[in-house]
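Colleague: I'd like a close look at one spot in this model, with whatever surrounds it. Could you walk me through it?

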Amino acid sequence: MDILQTLKDLWEGSGFHSFLVDGGWKNLIMILISCVLLYLGIKKKFEPLLLVGIAFGCLLVNLSYFTADSTDALYHPELWTNFLDPDSEYYHSYGTILSHGGLLDILYIGVKAGIYPSLIFMGVGAMTDFGPLISNPKSLLLGAAAQMGVFLAFFGAAASGVFTGNQAASIGIIGGADGPTAIFLTTKLAPELLGPIAIAAYSYMALIPMIQPPLMKLLTTEKERKVKMEQNRVVSKTEKILFPIIVAMFVILLLPSTAPLIGCLMLGNLWRECGVTERLSETVQNALMNIVTVFLGISVGATMAADSFLNFKTILIVILGLVAFMFSTVGGLLVGKLMYVLTGGKVNPLIGSAGVSAVPMAARVSQLEGQKANPSNFLLMHAMGPNVAGVIGSAIAAGFLLTVFG
Amino acid sequence: MNYALLAAKAADSGTKMEIGDAAVTAVFGYVVVFFGLILLMAVLYVSGAIFKSKEAKANAAKSAAVPVKEAAPAAEAPAAPGSAGHVKLHGVPDKEAAMIMAIVADKMQTPLNELRFISIKEVK
């Protein structure tokens, strides 16, 4: 046995060696980035349920022990390149992925097929009380207005000349402040950008308490923020049961491409409200949601290979994502102000910013800012209306973009 | 690792857009979102009106059947903000009452508008 040759082979076969050759240093940077994301998720509690999984998926895929052509690799970018290449014989071949893929490749099928985001929406539907929206349907206008950032960021990305229409649409949807919708649309339109878009979407959602308050103070007066809103009417059980059925029918008929998201959201909500499927509602809210979150996080993280993440486009996506979030907040606040004027001061414009989805964090921010201005103010239930309207609004925006670019 | 080659091989999805086309798409998309949600709002208003009128009829029938109650006590305690119906507050400030109701709703995992608080009294 040639000990020296064996040692040399062991060294060259190790991940440490690959850091030193063929751009391996980029993987080292990605490993550092994954550690920063783990810190943000664990220590700073930035959307930890997803961010910890995403960060660890990123860590796994960038550890050099698994080279791209290794059969031991957890994730094979080359398989997905062939999967997306119309000229390849393996174009859209899930069979090839299943027979040659590693663990993360197989988990990623759920992302690619749009299964995980839809199942997450089912859980969100089962956890959401649409009562505040049903009792005050005007909230839907705020949910619509708060999609402004989606289309402004889309325009900015498309006009920059750096991104294609599909990529611009995927970047714009970050402004919907809805992680599953962003992942769903990006996997359909621009899967090569999934890593940075998912990271931007979830990071900004976690940063809502920091992004929104300055804009809220800037765009509203002290007098407007002090407005105490009247209690909404009590919604009957029958209305709550009919709501998911009506929404599913109207929205899916209007934009059939929203069917996976809106269909699952409303099915989850129907299970919650109908009163005869408590077991299913509970399972979807807890066990299923947790299982899907595990798969979604780790497989999205796996798309963060160094060469597809460390580039100028990622920086632009991060900037455009922030622009999208800010303008979505502005859109909601402006229509909130309009409602304040039209109703003679009965609507507190702070509830407009909750239209950016991100349930329930955006509504909590409205509540906190309202109470800062007037300690006896109680805006939470009023803000939940636009908040859940934002979920429907961002799904419609995604459906529109999917129809145009899909 | 050979990801560089793979990344270079992976083509961008779709084609680039003219600024004019992007502007039209953005405006049209925003209009479609508004249209969809306004349509939904109209449906909710109609269904809400139907349910409210049904409720009003049921209440009218109830009040016709039940004899008129005796006069209510002269002085009513102040109502707390953000609550369903009237909550009688006995020595509890508005702010504290709102906080108590929010905490109860949170602990019970039940939306506040589904709970009815009759009165809140400070036990000394």
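Leaving aside its neighbours within four places in sequence, which residues is Thr403(A) in contact with?

Modeller: Sure, and bear in mind that this is a predicted model. Once the neighbours within four places in sequence are set aside, Thr403(A) is in contact with Leu255(A) and Ser257(A). Thr403(A) itself sits in helix H23 of chain A. Ser257(A) is 146 residues away along the chain, yet the two C-alpha atoms are separated by 6.5 Å. The side chains get involved too: those of Thr403(A) and Ser257(A) make a polar contact at 3.0 Å. Closer to home, the Thr403(A) side chain also reaches the backbone oxygen of Gly399(A), at 2.7 Å.

Now for the helix that carries Thr403(A). H23(A) covers residues 380-405, and its axis comes within 10 Å of the axis of helix H11 (residues 148-159) of chain A, with a crossing angle of roughly 30°. That makes the two helices, H11(A) and H23(A), roughly parallel. On the H11(A) side the contact uses Val150(A), Phe151(A) and Phe154(A), while H23(A) brings Ala397(A), Phe400(A), Leu401(A) and Phe405(A). By class, that contact is seven nonpolar residues, with no polar and no charged ones.

For another helix pair in the same chain, try H7 (residues 103-112) and H13 (residues 179-189) of chain A, whose axes come within 9 Å and cross at roughly 100°. H7(A) and H13(A) are therefore roughly perpendicular to each other. Here Tyr108(A), Val111(A) and Lys112(A) from H7(A) meet Ile183(A), Thr187(A) and Lys188(A) from H13(A). The class split for this contact is three nonpolar, one polar and two charged residues.

On to charge pairs. Searching the whole structure turns up nine salt bridges over all chains. Asp129(A) and Lys240(A) form a salt bridge through their side chains, 3.2 Å from N to O. This pair ties together distant parts of the chain, 111 residues apart: Asp129(A) is in the loop between helix H8 (115-127) and helix H9 (131-135), and Lys240(A) is in helix H17 (residues 237-254), both parts belonging to chain A.

A couple of backbone details in chain A are also worth a look. Val359(A) and Pro360(A) are joined by a cis peptide bond, with omega about -5°. You'll find Pro360(A) in the loop between helix H21 (312-342) and helix H22 (361-373) of chain A. Then there's His92(A), a residue other than glycine with a positive phi, near 55°. His92(A) is in the loop between helix H5 (77-84) and helix H6 (94-100) of chain A.

Finally, zooming out to the partner chain: 50 residues of chain B touch 76 residues of chain A. Together the two chains bury about 5300 Å², 73% of it on carbon and sulfur atoms. The interface of chain B and chain A has zero salt bridges by the rule used, and three residue pairs are in polar contact, both residues at pLDDT 80 or more. On the chain B side, helix H1 (3-9), helix H2 (19-65) and helix H3 (94-108) each supply at least two of the residues that touch chain A. H2(B) gives the largest share, 24 residues. Sorted by class, that side of chain B has 33 nonpolar, 11 polar and six charged residues.

Definitions and conventions. Residues are numbered from 1 along each chain as its sequence is written. Chains are lettered from A and ligands numbered from 1 in the order in which they are written. This is a predicted model: local features need pLDDT of at least 70, side-chain atom pairs count only at pLDDT 80 or more; totals for chains, interfaces and linings use all residues. Side-chain values use heavy atoms; hydrogens and water are left out. Axes are lines fitted to C-alpha atoms, for helices over the stretch in contact, and angles run from 0 to 180 degrees between N-to-C directions. Helices (H or I, at least four residues) and strands (E, at least two) are DSSP runs, numbered from the N terminus. Angles under 35 degrees count as roughly parallel, over 145 as roughly antiparallel, 65 to 115 as roughly perpendicular and the rest as oblique. Contact means heavy atoms within 4.5 Å. Ala, Val, Leu, Ile, Met, Phe, Trp, Tyr, Cys and Pro count as nonpolar, Asp, Glu, Lys and Arg as charged, and the others, Gly among them, as polar. Buried area is the accessible area (1.4 Å probe) that two parts lose on being put together, summed over both. A salt bridge is a side-chain nitrogen of Lys or Arg within 4 Å of a carboxyl oxygen of Asp or Glu. A polar contact is a pair of N or O atoms within 3.5 Å; within protein, one must be able to donate a hydrogen and the other to accept it, and residues adjacent in sequence count only if both atoms are side-chain atoms.
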